[in-house]
Amino acid sequence: MIDGMPPQLTDTQREVQALAREIAEREVAPRAAIAALAETGLLGLTIPEEYGGPGLDYLSGCLIEEELGWGCSGIGTSLMCNGLATAPVLLGASDEVKKEFLGRLTEEPKLASFCLTEPDAGSDVSGMRTTAVKKGDSYVINGTKCFITNGSHADWYTVYAKTDKEAGHRGISAFVVPRELDGVTVDKKEDKLGQRASDTAMISFSDVEIPAGYLIGEENKGFKLAMMTLDRTRPGVAAMAVGIANAAFEFARDYAKERVQFGVPIAMHQAIQFMIADMATKVEASRLLVWKSAVELDQGKRNTLISSHAKRFAADTAMEVTVDAVQVYGGYGFIKEYPVEKLMRDAKIMQLYEGTSQIQRLVIAREVLMPRRVEEPAAAAA
Ligand SMILES: Cc1cc2nc3c(=O)[nH]c(=O)nc-3n(C[C@H](O)[C@H](O)[C@H](O)COP(=O)(O)OP(=O)(O)OC[C@H]3O[C@@H](n4cnc5c(N)ncnc54)[C@H](O)[C@@H]3O)c2cc1C
């Protein structure tokens with residue numbers, strides 16, 4: 001991608017985009033079915049072919065995320081969560097661990113979860129209380145993680161825990177924890193405002209003993225791994241936000257042409273036209289940021305700044321556009337029989353998970369005010 005120019009999609013990327021839209025229209029919107037995604041190979045998008053995945057580039061992944069977000073972002077979140085759980089494994093795990101745990105996801109349609117957040121440690125993960133204590137050739141994990149996407153259904157978890165309690169974020173390490181081990185329990189399934197198709201649960205680890213080889217990367221380097229993971233997943237979250245916003249825009253545009261008040265379609269009233277125009281601009285601008293943030297990853301560049309721009313802007317856009325879509329629908333927008341209230345409820349989470357909009361602004365401010373002099377080397381696999 002030339003700086004500032006939108007990328008030209010390849011034929012393959014266009015095919016992937018069309019396939020995802022077709023599935024979103026046919027399966028996701030009416031029935032929200034994960035099995036359909038697995039059958040077409042849309043689970044585990046970025047898992048390389050050597051581990052049985054499709055090994056898609058990040059831009060293709062974003063095209064898919066957008067279309068799934070257009071259909072049902074709850075399903076999109078469940079799908080994307082496999083990418084979130086596998087990214088640290090791809091970045092830092094041993095080849096044996098990669099083969100075993102990525103293989104589990106590609107051989108069968110299974111889900112994995114990313115366990116970072118705790119009841120007292122959300123935006124500030126340095127306050128986490130989960131611990132991993134080395135015992136011979138094992139680590140013993142104790143603690144509770146909350147708001148874990150796919151938590152009730154996951155086959156395995158990527159778990160962040162303190163290996164040095166006194167060292168703040170420099171004392172965090174990451175581990176793979178199989179669900180079947182003794183001491184892993186699903187404590188609570190959350191009842192949510194939106195994205196109700198996705199599972200969100202609290203998971204406890206009580207004296208869970210894992211082989212030392214399940215440590216991902218180096219001890220006490222888990223925070224960096226988490227940040228590198230989020231750089232890789234934020235374009236996809238942002239793409240899903242674009243999908244939500246685009247769905248709201250399309251519904252509002254079509255409704256405005258049909259609904260007649262004061263003897264003309266409401267689209268003839270300038271106040272409605274301007275809302276529709278602003279929706280269109282915001283969707284377009286968000287999509288360009290998303291594509292740019294994905295292309296930078298595909299080019300092996302550090303994309304922290306642009307992925308935070310994309311996540312912040314696309315999430316806020318999804319919220320604004322869905323609220324405006326409800327306004328265009330008038331009272332019908334508030335009624336569940338019509339599609340836009342769901343989109344408005346779903347949009348809210350985009351400003352909260354994988355770093356709130358405030359945290360994205362903190363990242364953007366840091367990158368803008370104190371840019372790094374030395375480029376971080378591009379990460380290996382993901
Ligand atoms: C449906 C759902 C799914 C999720 N899935 C996962 C998952 O799979 N894995 C996982 O690990 N986590 C997951 N999360 C957790 C999510 O990432 C956190 O909720 C999020 O990071 C915010 O943390 P918090 O809820 O503790 O809010 P807090 O950190 O307590 O923030 C509260 C408010 O304060 C603001 N704030 C905090 N610090 C600052 C600051 N320094 N400057 C300015 N404002 C600040 C925040 O922006 C927010 O508005 C999920 C959450 C939900 C609701």
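This report covers the ligand site, a buried lysine, the salt bridges and two backbone angles in a predicted model.

## The ligand and its shell

The ligand is surrounded by 17 residues. The closest are Phe114, Thr117, Ser123, Thr356 and Gln358. Two elements, strand E3 (138–149) and helix H9 (357–369), each supply at least two residues of this shell. Strand E3 gives the largest share, three residues.

Polar atoms of the protein meet the ligand at several points. The side chain of Thr117 places a polar atom 2.7 Å from a ligand nitrogen. Gln358 has an N or O atom of its side chain 2.7 Å from a ligand oxygen. Leu116 takes part through its backbone: a polar atom there is 2.9 Å from an oxygen atom of the ligand. On its own, the ligand has 970 Å² of accessible area, and the protein covers 64% of this.

## Ile359 and Ser123

Ile359 is in helix H9. Its relative accessible area is 23%, so Ile359 is partly exposed. In sequence, Ile359 and Ser123 are 236 residues apart. In space, their C-alpha atoms are 7.2 Å apart. Ser123 is also among the residues closest to the ligand, and helix H9 supplies at least two residues of the ligand shell.

## Lys162: buried, without a salt bridge

Where does Lys162 sit? It is in strand E4 (residues 154–162). Lys162 is buried, yet has no salt bridge. The nearest side chain of opposite charge belongs to Glu118, 8.0 Å away. A salt bridge needs a side-chain nitrogen within 4 Å of a carboxyl oxygen.

What does the side chain of Lys162 reach instead? One partner is the backbone oxygen of Ser126, at 2.7 Å. Another backbone oxygen, that of Met128, lies 3.5 Å from a polar atom of the Lys162 side chain. Leaving out residues up to four places away in sequence, Lys162 touches Ser126, Met128, Thr130, Thr131, Ala132, Gly168, Gly171 and Ile172.

## Salt bridges across the chain

Side chains of opposite charge can pair when their charged atoms come close. The whole structure holds 24 salt bridges. One of them joins Arg287 and Glu66, with N and O 2.8 Å apart. This pair links distant parts of the chain, 221 residues apart: Arg287 is in helix H6 (residues 270–298) and Glu66 is in helix H3 (residues 58–92). Arg287 counts as buried because its relative accessibility is 17%. Glu66 is buried too, at a relative accessible area of 6%.

Glu209 and Lys135 form another salt bridge, 3.5 Å from N to O. This pair also links distant parts of the chain, 74 residues apart, with Glu209 in strand E7 (residues 200–211) and Lys135 in strand E2 (residues 131–135). Here the partners are partly exposed. Glu209 has a relative accessible area of 39%, and Lys135 has a relative accessibility of 49%.

## A bridge within one helix, and a network

Asp316 and Arg312 pair inside a single helix. The closest N and O atoms of this salt bridge are 2.7 Å apart. Both residues lie in helix H7 (residues 304–329), four residues apart, which is about one turn of the helix. Asp316 has a relative accessibility of 7%, so Asp316 counts as buried.

Which residues form a network of salt bridges? Glu100, Arg104, Glu108, Lys110, Asp155 and Glu180 are linked in this way.

## Two positive phi angles in loops

Asn150 has a phi near 65°, a positive value in a residue other than glycine. The residue is in the loop between E3 and E4. These strands have come up before: E3 gives three residues to the ligand shell, and E4 holds Lys162. Is Asn150 buried or exposed? At 1% relative accessibility, Asn150 counts as buried.

Gln195 also has a positive phi, near 45°, and is likewise not a glycine. Its place is the loop between strand E6 (184–189) and E7. Gln195 is buried, because its relative accessible area is 3%. Strand E7 also carries Glu209, the salt-bridge partner of Lys135.

Terms used: Residues are numbered from 1 along each chain as its sequence is written. This is a predicted model: local features need pLDDT of at least 70, side-chain atom pairs count only at pLDDT 80 or more; totals for chains, interfaces and linings use all residues. Side-chain values use heavy atoms; hydrogens and water are left out. Buried means under 20% relative accessible area, exposed over 50%, partly exposed in between (1.4 Å probe, protein chains only). Lys and Arg count as positive and Asp and Glu as negative; His and the chain ends are not counted. A polar contact is a pair of N or O atoms within 3.5 Å; within protein, one must be able to donate a hydrogen and the other to accept it, and residues adjacent in sequence count only if both atoms are side-chain atoms. Contact means heavy atoms within 4.5 Å. A residue is near a molecule or strand if one of its heavy atoms lies within 4 Å of it. Accessible areas come from the Shrake-Rupley method with a 1.4 Å probe; for residues, only the protein chains shown count as cover.
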